[in-house]
Amino acid sequence: MTKRYVSLPEEAESGMREFIDEVDRRLSSEEDTCSVVEDVLIDLSGDREAYERWQSGESVSPAERVRLQSYDPCNTTLESEYYAEKDEEKFRRSKHLQWLWRQFDSLPIADNVEFALRFRRMLADHLFEDCGDDCRFFKGISFTYGHNITIGDNTIIHDDVHLDDRGKLTIGDRVSVSDGVHIYSHDHDVVDQTEVRNYHTVVEDDVRLTYDAMVRAGCKVGENAIVGARGIVQHDIPAHHIAIGMPAKSVKIKPGWEDVATPVDDAGTNRQEERRLEYDLPDDLEVFDEFQRDLEQP
């Protein structure tokens, strides 16, 4: 192995455990999630004194007021808030937790790796549909909602990864997702890009998605497969295959798995439509086209 165990001094370890346990307890209770998130961000940012001055009616500048108001996720908007087909009830909670995750990552303390990994792992239990044991989430990970993500045990997701769960996203056990990877679960019509199609995207156990790879909505990367750096997955990758390129194509089978894997020549099937997720929009939805285009064909 190329890694070693690292530990914090006992006093730092004790303080870290106490803080994370307290936030976990509050998020598990009946306490309003918005209030919990606001409290945590104010204290982690060191802004409690300024916040209390503002709350007591003292004068603050417009910029300071915006900053203090924005610790409360109810005073913010996220891009995914505008998506019409989402589960509004689930999103009300996941928005607050996603705000906490994103704002935590913007703080200097998020560079304390041991603390940050444990803090995000605790948040994942509250934000994701399901999260397994001993997962490691590094800095700059973004989501659409969070509540449509399922992750198995011992999975590692590195810096600046985007997990699009506008549809549904399932990631298995012992998966390694490298820096800059994007995994999508929604797509757009080629004529009218405001028409969104959602899918179930699957990354099975023991997969490695290497640097800057992309998985298209509705694709499945099979067990123990590898997608090479900057590979773009446009169709299913069979188990035990190594796929590279744009689009990613199977080039070989991992040594030792030749007898059980799909032959390389038989790879390349697109099963996206089998994983399409239908949805209904509210009858009273006021639809608008943000591009204001005329899509009538000549």
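**Strands, helices and a few odd residues**

Author: Let's start with a pair: F143 has L163 as its bridge partner in strand 6. Keep in mind that this is a predicted model.

Reader: How do you know that strand 3 and strand 6 really pair?

Author: Two strands count as paired if DSSP finds at least two bridges between them. Strand 3 is joined to strand 6 (residues 162–163) by 2 bridges, so the pair meets that cut-off. The two strands run parallel.

Reader: Which sheet do they belong to, and in what order do its strands come?

Author: It's an open sheet of 5 strands in the order 3-6-9-13-16, with parallel pairing.

Reader: What makes strand 3 and strand 16 edge strands?

Author: Strand 3 (142–143) and strand 16 (232–233) each pair on one side only.

Reader: Over to T201. Why is T201 called buried?

Author: The cut-off for buried is under 20% relative accessible area. T201 has 0%, so T201 is buried. As for its place, T201 sits in strand 11 (residues 196–203).

Reader: What makes the link from the side chain of T201 to G218 a polar contact?

Author: The T201 side chain reaches the backbone nitrogen of G218 at 2.9 Å, and a polar contact needs a pair of N or O atoms within 3.5 Å. So the distance passes the cut-off. G218 is also one of the residues in contact with T201 once neighbours within four places in sequence are left aside; the others include K168, I183, Y184, V215 and C219.

Reader: Now helices. Why are helix 3 and helix 4 called roughly perpendicular?

Author: Helix 3 (residues 48–55) and helix 4 (residues 62–69) pack at an angle of about 105°, and their axes are 10 Å apart. Angles of 65 to 115 degrees count as roughly perpendicular, and therefore helix 3 and helix 4 get that label. On the helix 3 side the contact is made by A50, Y51, R53 and W54, and on the helix 4 side by E64, R65, R67, L68 and Q69. That contact divides into 4 nonpolar, 1 polar and 4 charged residues.

Reader: What makes helix 5 roughly antiparallel to helix 6?

Author: The axes of helix 5 (residues 88–105) and helix 6 (residues 113–127) cross at roughly 170° and come within 10 Å. Anything over 145 degrees counts as roughly antiparallel, so helix 5 and helix 6 qualify. Among the residues making this contact are L97, L100, W101 and F104 of helix 5 and F115, F119, L123 and L127 of helix 6. The full contact splits into 10 nonpolar, 3 polar and 3 charged residues.

Reader: And the loop between helix 5 and helix 6: which residue is found there?

Author: D111 is found in that loop. At 53% relative accessibility, D111 counts as exposed, because exposed means over 50%. The C-alpha atoms of D111 and E30 are 31 Å apart, with their positions 81 residues apart along the chain.

Reader: D160 and N224: what is notable about phi in D160?

Author: Phi of D160 is near 60°, a positive value in a residue other than glycine. N224 has a positive phi too, near 70°, and is likewise not a glycine.

Reader: Is D160 buried or exposed, and how do you know?

Author: D160 has a relative accessible area of 52%, and the cut-off for exposed is over 50%, so D160 is exposed. D160 lies in the loop between strand 5 (156–157) and strand 6.

Reader: Why does N224 count as buried, then?

Author: N224 comes in at 11% relative accessibility, and buried means under 20%, so N224 counts as buried. N224 is in the loop between strand 14 (220–221) and strand 15 (226–227).

Reader: How do you know that strand 15 and strand 17 pair?

Author: They share 2 bridges in the parallel sense, and at least two are needed, so they pair. One of the partners is I226, matched with I242 in strand 17.

Reader: What about strand 17 and strand 18: how many bridges join them?

Author: There are 4, and the strands run antiparallel. I244 stands opposite K249 in strand 18. Strand 17 and strand 18 form a hairpin with 4 residues between them, and in the turn G245 has a positive phi of about 105°.

Reader: What makes the peptide bond from M246 to P247 stand out?

Author: That bond is cis, with omega near 5°. P247 lies in the loop between strand 17 (241–244) and strand 18 (249–253).

Note on methods
Residues are numbered from 1 along each chain as its sequence is written. This is a predicted model: local features need pLDDT of at least 70, side-chain atom pairs count only at pLDDT 80 or more; totals for chains, interfaces and linings use all residues. Side-chain values use heavy atoms; hydrogens and water are left out. Buried means under 20% relative accessible area, exposed over 50%, partly exposed in between (1.4 Å probe, protein chains only). A polar contact is a pair of N or O atoms within 3.5 Å; within protein, one must be able to donate a hydrogen and the other to accept it, and residues adjacent in sequence count only if both atoms are side-chain atoms. Contact means heavy atoms within 4.5 Å. Axes are lines fitted to C-alpha atoms, for helices over the stretch in contact, and angles run from 0 to 180 degrees between N-to-C directions. Angles under 35 degrees count as roughly parallel, over 145 as roughly antiparallel, 65 to 115 as roughly perpendicular and the rest as oblique. Ala, Val, Leu, Ile, Met, Phe, Trp, Tyr, Cys and Pro count as nonpolar, Asp, Glu, Lys and Arg as charged, and the others, Gly among them, as polar.
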